[in-house]
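The following exercises concern side-chain contacts and their surroundings. Please work through each task with the structure in view before reading the solution.

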Amino acid sequence: MKVSRRGMLAGAAAAGAAGVVGAIGLENQSEAATTSPSQSTRESVELTWFGTHAWQIRCGKSVVLTDPWLTRFHTGTFTPEGADPKTKLVIKPDVIDRHLSTADAILVHHGHYDHMADVPYVAKKTQATVLCTETHANMLRAMKTPNDLLSPVRGGEYLPFDGFAIEVFPSLHSCGGKRHTYAYPGYRYDVPPRPRVIEDLVEGGTLAFVITIGGLRILSLSTANFDPNALRGLQVDVVLAAPGGEPGITDRLLQTIKPVRKVIATHWDDFDKPLDDPGIPWTDLTPLRTSVEKAGAEFVVLDHLQQVTL
């Protein structure tokens, strides 16, 4: 297994929390690991992290993107005042073009701006199939995404592509605060007016995906929450897991699915900060790390633009 950096980022150690940034324990396999039958035909799979839940998963010529949001702009999300819901949506094609050139599938996990705002541009650029809920599709139609690229799903689908397969599962957004809420809930049953500000991009239902590529099975979760009924007994090799959510939620996740070898942290960075800078944690990753290691899995953290080959 190999970790590399796309471009040199000076001062990566300044990410804010000692031991947070970098790849951790990539060489050793957990004793609790369950070997997937598909591993007999394993090929190298390269994961690149673009911050938030934006991942590029590549095996040979096959490329899958998750929530490809590379245009980062100031919202105030991680300030005491919180995000300004009237913050205007911005798309920076030059930033996207610098890092993304091709894709076969784009997986939209939920509809918030930090997951979906760049999808119309990326979809048109790559002509990739966009898997999303009907609400997401309606918002993407309002943002001039070509309708023939959209593939609305609900959960339960098994979708074979050339070189990989996608399984879709219903999921849940993380909740927080006294009332256990999250930002910008809601659905769009028809195509709305074009979204202009961040609150226009509502959650619209949350999905989880399993990407089977190169003989590797990757469970992709865009928030700390999940649907235990949908994932019970699921067998995967790698989980992309986010910090936050209700106490003990990662413990419940790792008890719900079959024993897993690796958990890679996702959506842990302050996304008001530039992608070219080292990631700054918005929360302490220790609880996530503790849950993962208690389950006997390896805990892996990548920095912005860093790659890991599995």
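**Exercise 1.** Determine how far apart N and O lie in the salt bridge of D237 and R261, and decide whether R261 is buried or exposed.

Solution. In this predicted model, the side chains of D237 and R261 form a salt bridge with an N to O distance of 3.6 Å. Next, locate the partners: D237 belongs to the loop between α5 (228-231) and β12 (238-241), and R261 to the loop between α6 (249-256) and β13 (262-265). The pair thus links distant parts of the chain, 24 residues apart. Finally, apply the cut-off for buried residues, under 20% relative accessible area. D237 has 1%, so it is buried; R261 has 7%, so it is buried as well.

**Exercise 2.** Identify the helices that contain K125 and D97, and classify the accessibility of K125 and of D97.

Solution. Begin with the contact: the closest N and O atoms of K125 and D97 are 3.1 Å apart, and the two residues form a salt bridge. K125 is in helix α3 (residues 119-126) and D97 in helix α1 (residues 93-99), with their positions 28 residues apart in the chain. For the classification, partly exposed covers values between 20% and 50%. K125, at 34%, is therefore partly exposed, and D97, at 36%, is therefore partly exposed.

**Exercise 3.** Explain which parts of the chain the salt bridge of K294 and D251 ties together.

Solution. The side chains of K294 and D251 meet at 3.5 Å, N to O. Because K294 lies in helix α7 (residues 286-294) and D251 in helix α6, the salt bridge joins parts 43 residues apart in sequence. K294 has a relative accessible area of 63%, so it counts as exposed. Across the structure, the count of salt bridges is 9.

**Exercise 4.** Classify the geometry of the aromatic pairs W69 with F73 and Y187 with Y189, and give the accessibility of each partner.

Solution. The whole structure holds 11 aromatic pairs. For W69 and F73, the centres are 5.7 Å apart and the planes meet at 85°; angles over 60 degrees count as edge-to-face, and this pair is edge-to-face. W69 is buried at 0%, and F73 is buried at 8%. For Y187 and Y189, the centre-to-centre distance is 6.2 Å and the angle 25°, a stacked arrangement. Y187 is partly exposed at 44%, whereas Y189 is exposed at 69%. As a last step, follow the ring pairs: W69 and F73 belong to a cluster with F78, Y113, F271 and W282.

How values were computed. Residues numbered from 1 in each chain as written. Predicted model: local features only at pLDDT ≥ 70, side-chain atom pairs only at ≥ 80, totals over all residues. Heavy atoms only, no water. Phe/Tyr/Trp six-rings, centres within 6.5 Å; stacked < 30°, edge-to-face > 60°. Buried < 20%, exposed > 50% of the residue type's maximum accessible area, 1.4 Å probe, protein only. Salt bridge = Lys/Arg side-chain N within 4 Å of Asp/Glu carboxyl O. Helix = DSSP H or I, 4+ residues; strand = E, 2+ residues; numbered from the N terminus.
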